[in-house]
Amino acid sequence: MRLFDAGATRRRRAAESSELTGAQFDAFSRQVPLLYFILLINTGAVAYTHLDDSPRWLSVYVPGVLGSIGLTRILVWLRRRGRHRHLTDGEIRQRLSAASWITAIFGISFTTWAFALYPYGDADAHVQIAFSTAITVIGCIFCLMHLRRAALLLTVIMVVPFTIFFVRTQNSILMTIALNMVFVTIAIIVMMLVHYRDFANLIESRKTLQDLSDANLRLAKLDTLTGLTNRRSFLEQLEGLCREMAGGCRTFAVGVIDLDGFKQVNDLHGHQTGDQVLEEVGKRLMRLQSAECTFARLGGDEFGLLVRNENQIESLLTLGGKISRVLKEPYRCAGANIRLSASLGIAQFPVAATTPHQLFERADHALYQAKEHRRGGTTIFSGEIESAIRRASMIEQLLREADLDREMTLHYQPIIDVTNRRVVSFEALARWRSSILGDVPPSEFIPVAERSDLVHAITLMLLGKVLGALQMAEPCVRVSFNLSARDLNSPDTILAIIDMIRRSAVSPARLTIEITETAVIRDFNQARHALSELKQFGVHLSLDDFGTGFSSLHCIHRLPLDKVKIDRSFVREIDFDAGAQNIVRSIVSMCRSLRLTCVVEGVETEAQSTVLRKLGCNVMQGYLFGRPAPVLNDPINAWSWRGDEANSGDMAGELHR
Ligand code: C2E
Ligand code: CA
Ligand code: CA
């Protein structure tokens with residue numbers, strides 16, 4: 001039988017492993033009391049039969065000492081049971097080694113004692129000594145099964161001298177018993193070695209299983225792409241921190257980081273490059289990690305942050321600034337030089353909230369505010385944000401419950417061709433007079449509607465009103481209608497819009513759909529697809545708020561656009577800001593080369609209009625020409641047109657009368 005197969009080296013290594021030593025110690029500590037029990041019983045039995053024939057020191061004192069040592073060892077090992085978990089590997093090995101030697105010494109003592117008794121006994125007593133030795137050896141080998149070295153040592157110590165001793169007596173019965181014992185012992189030793197091998201294998205496979213399950217557990221807590229903690233583990237840590245800090249005076253903060261412009265990276269460079277960027281983000285965040293500050297990937301391009309023992313707004317803002325700076329460094333992936341920014345929202349425990357769910361939600365609210373107002377910066381959850389959230393949830397609730405068809409109307413603002421002073425079209429702008437909140441501006445309710453998915457229904461309802469107004473107006477009247485980013489990303493809404501226009505019998509050419517630059521950037525491919533469908537159907541397309549979303553010429557070139565509307569922010573200081581003038585000049589020239597109509601919005605003064613004309617802008621919209629008004633005016637009467645929101649100081653009336 002091969003006791004040491006090819007796996008011997010592996011097992012030897014396993015033998016050195018702490019798992020095996022621990023398991024040996026466990027098994028050994030269970031068996032040792034039995035071993036000493038066997039020794040005690042046999043010592044007692046042999047001593048008893050020699051009580052009358054041998055000297056007292058040999059039949060009483062020596063077995064008495066052996067018995068006391070044996071009893072002590074039983075007690076020692078009973079106490080040690082299951083205690084190895086508190087011991088170091090070194091201590092366990094030391095104890096096992098000591099146990100082997102003590103067992104050997106005990107064996108030698110027993111053997112020597114039995115030899116010493118032999119001359120005092122008769123033939124029966126001799127047989128009894130042989131018999132006791134044989135069963136002691138067999139019993140001990142079984143008890144020492146998990147401690148190979150001790151078993152072999154004890155066997156050699158007891159069997160070799162006894163065999164020699166009994167063979168030398170020339171007594172055939174004793175010799176037979178001795179040889180019998182040798183063969184049976186050999187067989188038992190082989191059994192023991194096989195058993196030990198199985199035991200070592202079992203422990204090894206248990207360890208492999210444990211390692212695997214540990215690795216699985218580790219993997220289950222990690223994000224495979226970035227190597228950072230994953231969302232589940234992050235939330236667990238957050239829960240743990242909330243529990244730990246509750247009632248104490250220590251604090252911490254939770255942050256949510258979102259990459260600005262990551263969607264574009266995916267759209268323009270492909271998902272593989274996107275993954276490389278995320279990997280690099282993970283590496284950069286990993287470098288910022290410390291015992292106090294840990295990061296996690298929450299999913300997509302969203303990352304989490306836990307800052308322990310730090311709650312000062314100043315320090316958190318500094319940390320946020322550092323994170324933004326690090327993530328803003330260019331990413332060199334797939335031959336491209338990619339630039340991103342990161343917005344951060346932070347909520348402090350216990351100021352912002354005390355439950356993990358609320359804290360996370362508030363960090364997310366702060367992030368939302370950062371993305372809206374401080375793109376690429378850090379926002380810390382505050383009372384102001386809280387009231388904004390309250391107001392938003394109130395608006396959302398009312399948007400769900402109110403009779404929007406009755407409460408929402410459209411106002412129309414003219415867009416003028418200043419070269420011939422004619423209205424080229426009107427922009428339809430939503431107005432909501434809530435029975436509870438009063439007038440709510442679209443800049444407030446549209447984002448809420450977008451977040452809650454109510455925007456699609458609102459868009460279709462408003463489009464119905466526009467189409468109704470167009471049916472009533474002169475056929476030459478055109479209207480620009482605003483579409484939200486969410487609408488653009490919803491194929492169902494795009495289909496519903498086309499279907500509605502088709503059924504209204506209003507020529508699609510009378511409609512211009514306005515979509516913001518940021519809406520296009522959010523999901524470029526989907527936006528392009530939706531715009532192509534609308535364009536094919538026959539509506540005109542206008543890119544709104546141009547200049548705010550950093551879209552490249554490359555993007556605009558790939559969209560089926562008719563118009564570009566320069567954002568109001570460039571017009572505000574156009575009459576004295578050379579920078580703004582340069583931007584407008586280059587947009588105008590870009591529009592010329594792409595054969596796009598360039599519209600400037602937010603023109604409020606004559607001075608602005610003059611500068612804009614000099615820069616080559618001919619189509620304008622703004623309070624100078626007319627405020628949004630509730631009626632869709634006939635362009636023929638446009639010069640006398642005047643928005644009802646305009647006050648007595650409105651220049652539109654004076655200018656165009
Ligand atoms: P927008 O599409 O850029 O619309 C132009 C906004 O500028 C309008 O604000 C308009 O009243 C305002 N405006 C026009 N001329 C001037 C001016 O000379 N000076 C200044 N300071 N402002 C001027 P309004 O109506 O409050 O709309 C705000 C935004 O809400 C719109 O910006 C648009 O993004 C969104 N919105 C409005 N109606 C709708 C709608 O029906 N659907 C969607 N999805 N969004 C809408
Ligand atoms: Ca618009
Ligand atoms: Ca605009």
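Let's start where two metals meet: the calcium ion (ligand 3) and the calcium ion (ligand 2) sit 4.1 Å apart, with Asp544 coordinating both. Keep in mind as you look around that this is a predicted model.

Which protein atoms hold the calcium ion (ligand 3)? Its protein donors come from Asp544 (OD), Asp545 (OD) and Glu601, which appears twice through OE, at 2.1 to 2.6 Å from the ion. Along the sequence, the donor residues of this ion follow the spacing D-D-x55-E. Are the two aspartates buried or exposed? Asp544 has a relative accessible area of 5%, so it counts as buried. Asp545, at 24%, is partly exposed, because the buried class stops under 20%.

Asp545 also leads us to ligand 1: an N or O atom of its side chain is 3.4 Å from an oxygen atom of ligand 1. The side chain of Asn482 likewise places an N or O atom 3.2 Å from a ligand 1 oxygen, while a polar side-chain atom of Glu604 lies 2.5 Å from a ligand 1 nitrogen. The protein covers 85% of the 800 Å² of accessible area that ligand 1 has on its own.

Now step back to the shell around ligand 1. Of its 22 residues, Gln413, Arg431, Arg568, Glu604 and Tyr623 come nearest. The shell is made of nine nonpolar, six polar and seven charged residues. β10 (422–434), α15 (442–451), β12 (479–483) and β14 (540–546) each supply at least two of them, and β10 gives the largest share, four residues.

Finally, travel to another part of the chain. An unreviewed UniProt entry lists transmembrane regions that include residues 98–119 and 125–144. In the model, residues 98–119 are 91% helix, with end C-alpha atoms 33 Å apart; residues 125–144 are 95% helix, with ends 28 Å apart.

Notes
Residues are numbered from 1 along each chain as its sequence is written. Chains are lettered from A and ligands numbered from 1 in the order in which they are written. This is a predicted model: local features need pLDDT of at least 70, side-chain atom pairs count only at pLDDT 80 or more; totals for chains, interfaces and linings use all residues. Side-chain values use heavy atoms; hydrogens and water are left out. Donors are N, O and S atoms within 2.8 Å of the metal (3.2 Å for Na, K and Ca); water is not among the atoms, so sites may look incomplete. Buried means under 20% relative accessible area, exposed over 50%, partly exposed in between (1.4 Å probe, protein chains only). UniProt positions are given in the numbering used here, feature names are shortened, and annotations may be inferred rather than shown by experiment. Helices (H or I, at least four residues) and strands (E, at least two) are DSSP runs, numbered from the N terminus. A residue is near a molecule or strand if one of its heavy atoms lies within 4 Å of it. A polar contact is a pair of N or O atoms within 3.5 Å; within protein, one must be able to donate a hydrogen and the other to accept it, and residues adjacent in sequence count only if both atoms are side-chain atoms. Accessible areas come from the Shrake-Rupley method with a 1.4 Å probe; for residues, only the protein chains shown count as cover. Ala, Val, Leu, Ile, Met, Phe, Trp, Tyr, Cys and Pro count as nonpolar, Asp, Glu, Lys and Arg as charged, and the others, Gly among them, as polar.
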